[in-house]
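Please look through the structure below, which the following paragraphs explain step by step, beginning with one detail and then widening the view.

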Amino acid sequence: MRILFLGDIVGRVGREAVISRLPALRRDLALDLVVVNGENASHGFGLSPAIGRDLLEAGADVITLGNHSWDRRDLIGHIDSEPRIIRPANYPPGTPGQGSVVVELVDGRKALVVSIMGRQFMDAMDDPFRSVTDILSRHRLGVTMHAAVVDVHAEATSEKWAMGHFLDGRVSLVIGTHTHTPTADHRIFPHGTAFQTDAGMCGDYDSVIGMGKEAAIARFVRKMPGERLQPAEGDASIAGMMVETDDATGLARRMAPVRQGGHLAPTLPDF
């Protein structure tokens, strides 16, 4: 299975870049499954139902969320009716929506996608390690699932690394989101799970993690509340990771970063 994961979509320019480029990427890379993190897609904070529909129509199969899941209140009443939009699984019981989804491809193959949020330097949440273990107890890679992707939305790199090693051999890909900066540490772990600490963001990199520079800098310099942060509106890059898995085992065979447009050096997989 050929899987593309795109990091946090930030604001209008980020979502327009994804929507415009995704159809060609699906065709040119012969993608089977596309997962995007959309928690910053609506003006930098949250995901509206309308923008969610636009991303799905453009070719995303699943949209994951994170700590901004409920910034758009209109998503609360919508998420239960759209299983392809998933919030972190370790929200407390009774929270709207689901933390995982099984996607069935047109050829009958199945892929599990899980959203998890870290606890270090983040909101108090249920144990993400226990939550993902519970989900995986109902699925078996290479038996009931042909692939499994886990989005770890977390601040601490150590927590993401720990989750990657914890899940090595049990899922196809563990990929970090939230810090909006693509890391150069992608690798396939010893038991066959592909890992990257952070996929980066889809947005304007001439910014402070996707937000306008001036207001963001002022918060650090003055240490006082200032104007509300606004997404940067310059030329956007898309950033993410492509993984190819073995259908027999569900484990990763190869992986490579995907970057297009904007201020980042472009790169595409050669497989």
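Directly after helix H2 comes Gly59, a residue with a positive phi, near 130°; here helices (H or I, at least four residues) and strands (E, at least two) are DSSP runs, numbered from the N terminus. The model is a predicted one, in which local features need pLDDT of at least 70 and side-chain atom pairs count only at pLDDT 80 or more, while totals for chains, interfaces and linings use all residues. Residues are numbered from 1 along each chain as its sequence is written, and side-chain values use heavy atoms, with hydrogens and water left out.

Within H2 itself, the buried residues are Pro49, Ile51, Gly52, Leu55, Leu56 and Ala58, where buried means under 20% relative accessible area, exposed means over 50%, and partly exposed lies in between (1.4 Å probe, protein chains only). These buried residues of H2 pack against strand S2 (8-9), H1, strand S4 (62-64) and strand S5 (85-86), with contact taken as heavy atoms within 4.5 Å.

The largest nonpolar core (a set of buried Ala, Val, Leu, Ile, Met, Phe, Trp, Tyr and Cys residues joined through side-chain atoms within 4.5 Å) has 35 residues, of which Leu4, Val18 and Leu47 touch the most other members. Two or more residues of this core come from each of strand S1 (2-6), helix H1 (11-28), strand S3 (33-37), helix H2 (49-58), strand S13 (238-245) and strand S14 (252-260), and H1 provides the largest share, five residues. Apart from this core lies another, of 22 residues, including Met1, Leu105, Met241 and Ala252. In soluble globular proteins, nonpolar side chains tend to be buried together.

Is Phe220 buried or exposed? Phe220, which is placed in helix H5 (residues 213-222), is exposed, with a relative accessible area of 60%. Together with Ile217 and Val221, Phe220 forms a nonpolar patch on the surface, and the three have about 340 Å² of accessible area together.

Turning to the whole protein chain, one finds five helices and 14 strands. The radius of gyration, taken over C-alpha atoms, is 17 Å, close to the 18 Å that the globule rule (2.2 Å times the number of residues to the power 0.38) gives for 271 residues, so the protein chain is as compact as a globular protein of that length. Of the 271 residues in the protein chain, 58% are buried.

Definitions and conventions: Patch = residues over 30% accessible without salt bridge, like charges linked within 9 Å, V, L, I, M, F, W, Y side chains within 5 Å. Areas by Shrake-Rupley, 256 points an atom, 1.4 Å probe, with all protein chains shown as cover. Salt bridge = Lys/Arg side-chain N within 4 Å of Asp/Glu carboxyl O.
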